[in-house]
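This report introduces one protein structure to a reader who has not met it before. It begins with a helix and then turns to the interior.

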Amino acid sequence: MLDRLEKIQQKYLKISDELTRTSDPESLKKLYKERSQLTPLYEKIEEYTKLIQDVKDAEELLKTEKDGEMRSMYEDEKKAGSEKIESLAKELEIMLLPPDPNSGKNILVEIRAGTGGEEAGLFVADLFRMYTKYADKRGIKYEIIDTSPTGIGGFKEIVFALEDERSYDLFKFEAGTHRVQRIPATESGGRIHTSAVTVAVLPEAEETEVEVNESDLRVDVYRSSGAGGQHVNTTDSAVRITHIPSGIVVACQDEKSQHKNKAKALRILRARILEKQVEEKKVASDALKKQMVGSGDRSERIRTYNFPQGRCTDHRIGFTSHNLSGIMEGDLDDLIGALTEEDRIQRLANAQTV
């Protein structure tokens with residue numbers, strides 16, 4: 001492992017050197033991103049290699065030291081250093097796992113109402129609030145891309161962007177079906193209903209990753225509609241784009257400007273094309289699926305929010321929290337932390353069996 005660690009150290013120092021000699025903005029942006037991603041690993045390697053040297057130094061001193069008190073001190077240093085080296089080696093094994101190719105990307109999150117009628121639409125709004133509160137706590141900027149509101153404060157669908165290099169790593173396990181059990185605001189008889197909402201987490205595609213030719217697009221414009229279907233604009237500002245080769249259709253109507261709606265629709269389109277490409281690769285690679293806590297498929301039921309019992313359960317890892325009220329206020333650190341840790345364990349186990 002030491003040879004590999006040395007190569008990483010050399011790579012980090014080479015990037016740092018290139019940063020001092022580069023003035024091109026695009027190159028600087030790329031280099032800073034690379035160094036930022038390597039910094040935690042580089043610092044851990046520095047700590048690890050220093051400890052190895054410290055233990056070697058203690059062993060050399062023990063060979064010549066005659067004084068009993070000094071020998072005892074060197075023995076303690078050697079023992080403590082060796083234990084720390086073992087602990088750091090395990091941490092480095094995890095950090096050396098191949099990174100997720102989407103790590104560091106901005107994302108689009110799509111939340112759609114499933115079974116449950118109006119109540120499902122209300123829970124779409126609740127999940128959107130939960131996620132954006134968590135984003136606020138983490139200092140992550142978000143932007144609403146498109147909405148399809150219902151008449152009672154919910155959404156048939158809402159799409160929003162999270163713009164931060166931490167976005168994908170923090171939200172990637174949210175993809176799937178979220179089930180809610182509660183007495184709906186629309187229920188007069190006080191009966192508990194079960195509804196479902198689906199979440200998709202789409203890494204934003206760089207233009208260089210997904211090439212979209214204008215000749216492959218059919219663009220339709222129409223008037224924006226609000227809740228209940230009423231027209232909210234008197235001009236044809238809403239945009240629907242069909243990507244003919246893939247059959248993917250996206251629409252955007254939140255902006256009053258047709259130009260802005262088209263730009264937002266293209267962001268969604270690129271992300272969905274990238275998602276389709278990734279899904280095709282997943283189907284061809286069973287090993288990749290085994291490494292993941294969840295497949296990212298909308299159809300996979302991942303979590304239940306049980307309001308009468310104040311309980312939230314993630315079915316993939318058997319995680320249960322009785323702090324449902326806090327979770328709905330964006331206190332997601334424990335839940336996301338447990339999912340991230342389980343994913344690391346699975347990936348490490350998989351890497352050791354390859």
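In this predicted model, the buried residues of helix α3 pack against two other helices, α1 (2-21) and α2 (25-64). Those buried residues are Tyr 74, Gly 81, Ile 85, Leu 88, Ala 89 and Leu 92. Helix α3 itself covers residues 68-95, and its 28 residues reach 40 Å from the first C-alpha to the last, which is close to the 40 Å expected at 1.5 Å a residue. At the start of α3, the backbone nitrogen of Glu 69 has a side-chain oxygen of Asp 67 within 3.2 Å.

The largest nonpolar core has 35 residues, and those with the most contacts inside it include Ile 111, Leu 127, Tyr 305 and Leu 332. Several helices and strands, including β1 (107-113), β3 (155-163) and α9 (333-353), each supply at least two residues of this core, while α4 gives the most to it, with nine residues. Leaving aside residues up to four places away in sequence, Leu 332 touches Met 130, Tyr 131, Tyr 134 and Ile 327. Apart from this core lies another, and the table sets out the two.

| Core | Size | Some of its residues |
|---|---|---|
| Largest nonpolar core | 35 residues | Met 130, Tyr 131, Leu 162 |
| Another core | 22 residues | Val 159, Ala 205, Val 250, Leu 266 |

A further residue to look at is Ser 195, which lies in strand β5. Ser 195 counts as buried because its relative accessibility is 2%, and buried means under 20%. Not counting residues up to four places away in sequence, Ser 195 touches Thr 115, Gly 116, Glu 119, Ala 120, His 178, Arg 179 and Val 180.

Key:
Residues are numbered from 1 along each chain as its sequence is written. This is a predicted model: local features need pLDDT of at least 70, side-chain atom pairs count only at pLDDT 80 or more; totals for chains, interfaces and linings use all residues. Side-chain values use heavy atoms; hydrogens and water are left out. Helices (H or I, at least four residues) and strands (E, at least two) are DSSP runs, numbered from the N terminus. The expected span of a helix is 1.5 Å times one less than its number of residues. Buried means under 20% relative accessible area, exposed over 50%, partly exposed in between (1.4 Å probe, protein chains only). Contact means heavy atoms within 4.5 Å. A polar contact is a pair of N or O atoms within 3.5 Å; within protein, one must be able to donate a hydrogen and the other to accept it, and residues adjacent in sequence count only if both atoms are side-chain atoms. A nonpolar core is a set of buried Ala, Val, Leu, Ile, Met, Phe, Trp, Tyr and Cys residues joined through side-chain atoms within 4.5 Å.
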